[in-house]
Structures are given as structure tokens and as C-alpha cells.
Amino acid sequence: MRLRHYTGFSLIELLVVMLIVAVIAAGVSLAVNPRGSSAKQINLQGERLFAQMLYAFDEALVRNQALGLAVEQDESDLQVSREYAWKRDGGVDRETKERRWLKTENPLGVHELAEEFAWSIEIEEVSLEENLDQLLNEDDEEIDPRIIFYPSGEVSEFSITITLSEEALQDDPEAINERYKITLNERGELTRYRVGVEEQ
């Protein structure tokens, strides 16, 4: 009697495909209609980041390894830059006794917020700018993640709001109140507030 071997996709493979499709769809939409409504553009930027966070949440659970979101500072004016990077927990260094955060590869990796957008980030009710001021005294060239996705399913408290940049608002001043927000609800679950869409 011949045994049958069933093949299929693993959960990680399905998550990777879903994230890639979401990122490609957002990129194609921006390329096809770059001058679409400001609300649509803000939502697309937010959806891209939200998809990465959902993937990081599941990845941390499946691999039993913490993932963190690190936002680099702009050395010229000490403000938050547009670049952000996902990092994975590399354990505690034996020599320094400090936790190491290692680079991740696609579909997470390093990303950049488009120029026509701006964001504000609060971590445990403290603005990221205040966190950066404290971190500037450290010798490390790279900033450790401040938003952590733990293998237990917990996420450090944070709030990210994406809006149009000041330059983009000059062309569309009516969009001043349009914003996309990602935060945690009272149950500690990832929640998004999209422009023109009720709470999810």
C-alpha cells in the first residue's frame, strides 16, 4: 500500500505572501493614482505599516522571538526621521550583558515613510522625541526598538499617527484633520483608525 504525502503551505509562507500582496497593492495604487485624494493616500500609507505590524505580531508568536520597531533619529535636527527598521531579538550579549537587536530581512527589514507624509509617535504616553533625547547620550550608532512585539502576544504601549506633511498640506489645506492612527485598544489588541472609516 502506497502512502500519500500531503503537501501545503506553512503559516509563515502564507503570512509572507499576504504581507507582500498588501505592500505591492499599496505601491501600485500610489503609482497608478499618485494624486488621488489625500484621505486615500494617508490610508494607504497606514495600511502598509499596519500590515507589517500584523505580520510582526504573528511572526513573534510563531517563532517565539520578540520583534521590535526602531525609528532612527535625524542627526541634523534631532527630530524623528522617515526611516524605520524592524529588528529581531538576538538575545543578551555575553560580554556587555546587554540585549542585542539584529536586522531583519524582507518582508520586514528597513522602510521609509513617503515624503508627503508626516507622523507622530508616542511610546507609553511619552513622545518619541523625548525618548531620542535620552538615547543620544548612548554610544550606539543604532537605536534599539521602542515598540516591541513579544512572543507572549503582548505589545508595548504605543500610538502612531500618520498625516500629510506641512508641505503637502499647503497644496491641500482641507486635509489638515485627516489622519490614520495605529494604537492598542483596552484589550491590548492592535487597532487602526482610518480616515473616513469607523473604528476597526
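# Close-up views

**View 1. Asn 64 has its place in the loop between helix H2 (38-63) and strand S1 (67-74).** Helices (H or I, at least four residues) and strands (E, at least two) are DSSP runs here, numbered from the N terminus. The model is predicted, so local features need pLDDT of at least 70 and side-chain atom pairs count only at pLDDT 80 or more, while totals for chains, interfaces and linings use all residues. Residues are numbered from 1 along each chain as its sequence is written, and side-chain values use heavy atoms, with hydrogens and water left out. What stands out about the backbone at Asn 64? Asn 64 isn't a glycine, yet it has a positive phi of about 55°. For context, most residues other than glycine have a negative phi. Asn 64 also counts as exposed, because its relative accessibility is 61%; on this scale, buried means under 20% relative accessible area, exposed over 50%, and partly exposed in between (1.4 Å probe, protein chains only).

**View 2. Zooming out, the chain has four helices and 10 strands.** Starting at the N terminus, the order of elements is α-α-β-β-β-β-β-β-α-β-β-α-β-β. Of the 200 residues in the chain, 41% are buried.

**View 3. Strands S9 (residues 180-184) and S10 (residues 190-193) make an antiparallel pair with four bridges.** Two strands pair if DSSP finds at least two bridges between them. S9 and S10 form a hairpin with five residues between them, and in the turn Gly 188 has a positive phi of about 80°. Which residue in S10 is the bridge partner of Thr 183? That's Thr 191. Elsewhere along the ladder, Lys 181 stands opposite Tyr 193 in S10.

**View 4. On another side of the ladder, strand S8 (residues 158-164) pairs with S9, also antiparallel and over four bridges.** Here Ser 159 stands opposite Thr 183 in S9. S9 is largely enclosed by the rest of the structure, because four of its five residues are buried. Take Leu 184, which belongs to strand S9. Leu 184 has a relative accessible area of 17%, so it is buried. Leu 184 and Ser 159 are 25 residues apart in sequence, but their C-alpha atoms are 7.4 Å apart in space.

**View 5. A salt bridge joins Arg 99 to Asp 89, with the closest N and O atoms 2.8 Å apart.** The pair links distant parts of the chain: Arg 99 is in strand S3 (residues 99-103) and Asp 89 in strand S2 (residues 79-92), 10 residues apart. For the record, a salt bridge is a side-chain nitrogen of Lys or Arg within 4 Å of a carboxyl oxygen of Asp or Glu. Buried or exposed: where does Asp 89 fall? Asp 89 is buried, because its relative accessible area is 17%. Arg 99 is partly exposed, at 42%. A search of the whole structure turns up six salt bridges.

**View 6. Arg 187 forms salt bridges with Glu 186 and with Glu 189.** The closest N and O atoms are 3.7 Å apart for Glu 186 and 3.0 Å apart for Glu 189. Both Arg 187 and Glu 186 are exposed, with Arg 187 at a relative accessible area of 59%. Glu 189, at 37%, is partly exposed. Away from this trio, Glu 47, Arg 192 and Arg 194 are linked in a network of salt bridges.

**View 7. Glu 83, Glu 112, Glu 115 and Glu 116 form a negative surface patch.** Patches are made of residues with over 30% relative accessible area and no salt bridge; like charges are joined within 9 Å, and nonpolar side chains (Val, Leu, Ile, Met, Phe, Trp, Tyr) within 5 Å. Lys and Arg count as positive and Asp and Glu as negative, with His and the chain ends not counted. The place of a charge is taken as NZ of Lys, CZ of Arg, CG of Asp or CD of Glu. Among the patch members, Glu 112 is found in strand S4 (residues 110-112). Its relative accessible area is 55%, so Glu 112 is exposed.

**View 8. Leu 11, Leu 61 and Val 62 make up a nonpolar patch on the surface.** Together the three have about 250 Å² of accessible area, from the Shrake-Rupley method with a 1.4 Å probe, where for residues only the protein chains shown count as cover. Leu 11 lies in helix H1 (residues 11-32).
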